[in-house]
Amino acid sequence: MTRCRACGHPITEFFSLGAMPPVNAFLKKKDIPNERSFDLSVGFCQKCYLVQLLKIVDPKDLFRHYLYFSSTTQSIIEYSKTTAYYLIQRLKLGRGSLVVEIGSNDGVHLRWYQKAGIKVLGIDPARNVAAEAIKKGIPTKTAFFGHEVAKELARSNIHADLLYGANVLAHIPDILGCVRGVSTVLKKTGTAVFESPYIGGLFENKFDTIYHEHVFYYSLLALQNLFARANLCIYDCEFVHMQGGSLRIFVCHEGMYSASEQVRELVDQEHQHGFHRLSSYLKIRTNVEKLRTQLTGLLKKLKKDGKRVAAYGAPAKGMVLLNYFRLGKFLDFIADKSEAKQGLYTPGTHFLIYPPSKVVDDRPDYVLILPWNISDEVMGFLTEYQKKGGKFIIPVPDVIIV
Ligand SMILES: [Zn+2]
């Protein structure tokens, strides 16, 4: 029996993707025979409503060869800038303020605060990306954020006016230690802002966000229960388009600010959708199987008609899609813009990753877009291919041919 990582209540499994290789572990040819797979199953806590993985792979194994540099994705650069200026204005940050970011990557977000004369501190567990940030002049601590690190910061008198984390609450196995850490580092009047892929996505076929690094999948109901454990309160929330639909929450010390209308509305909506009931989660598998039938049906037909299909992009979520739906046999090759990934092999399916020029030179009949959340950016990038008659397949949340 697995117990909830937030409240200790037993959790119930509702969807299993079986054995899956770590989807961010791109391989050298010599490492392919030694590739390992780990169970990937998701469960629901009926007491605090937190959705979580049943088995957790040691993050140190998953992060060792982390290849995701935020600054290689144009949409992330622009998003970081917009978010930073929005938060500076909204929270009235100025020269005396301090912004601390958990999971600061190569400093892509913090540099905008720094440009505005605001003090910053990044915290990131990946040594190579933290080193990149320091090279760019952004103070960064290499660590997994938790209660211990937070106490260390507090002892050095570091208290954040804004504590920011995009896509981090899903990743930290010791989630209680994390929220206690937030409480420790957050200034009395400060605001912590977190963005996490929204659980609603799982009900809309966006199941490929399920992978080993993502230990938790959040509803607002679950987030409220979680933060309450560290005497923190969610006073506002809004949806943002990142990662195929994320929920952004504004957190304060209990009693500091009162909850907005948006919070009350979303809580009502989640009750209506049954995000607090196991029976709702049990429907996810059926929907995903429908999507599988649709997508493999299309690819099978294209193959039979002698069409050539390549995949563009090798994001983690795409690796989940290829492995769980067993799509490898339908594809001719895979290309990705990231130079760090080119020349390596994809986890599980073992395709050599080519640069994007291969799509233009080779001209497959169809390109399957694996980072479906940024399909517009991908299609914009491959206009030359499209002008010459190439077509795109967007696989999630619905199968669409463009
Ligand atoms: Zn629980």
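Start by selecting the zinc ion: its protein donors are the SG atoms of C4, C7, C45 and C48, lying 2.3 Å from it. Keep in mind as you go that this is a predicted model. Along the chain, the donors follow the spacing C-x2-C-x37-C-x2-C. What is the arrangement of the four donor atoms around the zinc ion? It is tetrahedral, because the angles they subtend run from 100 to 117°. For reference, the ideal angle for four tetrahedral donors is 109.5 degrees.

Now colour these cysteines by accessibility. C45 is buried, at 0% relative accessibility. C48 is buried too, at 7%, and C7 counts as buried at 18%.

**Next, select C252 and C233.** C252 is buried, with a relative accessible area of 0%. Which cysteine sulfur is closest to that of C252? It is the one in C233, but at 5.1 Å the two are too far apart for a bond. Indeed, the structure holds zero disulfides.

**Move on to helix 10, residues 284-304.** This helix has 21 residues and reaches 30 Å from its first C-alpha to its last, close to the 30 Å expected at 1.5 Å a residue. Highlight its buried residues: I284, V288, L291, L295, T296, L298, L299 and L302. Look down the axis and you will find them within an arc of 155°, so they line one face of the helix. An α-helix has 3.6 residues a turn, so residues three or four places apart point the same way. Turn the view to the face directed away from the buried side, and you meet the exposed residues K290, T293, K300, K301 and K304. Just after helix 10 comes G306, with a positive phi near 80°.

**Finally, show the salt bridges.** The whole structure has 20 of them. Begin with E238 and R90, whose side chains meet at 4.0 Å, N to O. This pair links distant parts of the chain, with E238 in strand 10 (residues 232-240) and R90 in helix 2 (residues 74-90), 148 residues apart. Both belong to a network of salt bridges that links R90, E195, D236, E238 and R248.

Then select K337 and E377, which form a salt bridge at 3.9 Å, N to O. K337 lies in the loop between strand 13 and strand 14 (353-354) and E377 in helix 13 (residues 375-381), so the pair ties together parts 40 residues apart in sequence. K337 is partly exposed, at 34% relative accessibility, and E377 is partly exposed at 26%.

Definitions and conventions: Residues are numbered from 1 along each chain as its sequence is written. This is a predicted model: local features need pLDDT of at least 70, side-chain atom pairs count only at pLDDT 80 or more; totals for chains, interfaces and linings use all residues. Side-chain values use heavy atoms; hydrogens and water are left out. Donors are N, O and S atoms within 2.8 Å of the metal (3.2 Å for Na, K and Ca); water is not among the atoms, so sites may look incomplete. Four donors count as tetrahedral if all angles lie between 85 and 135 degrees; four count as square planar and six as octahedral if opposite donors are over 155 degrees apart and all others between 65 and 115; anything else is irregular. Buried means under 20% relative accessible area, exposed over 50%, partly exposed in between (1.4 Å probe, protein chains only). A disulfide is a pair of cysteine sulfur atoms within 2.5 Å. Helices (H or I, at least four residues) and strands (E, at least two) are DSSP runs, numbered from the N terminus. The expected span of a helix is 1.5 Å times one less than its number of residues. The arc is that of the directions from the helix axis to the C-beta atoms.
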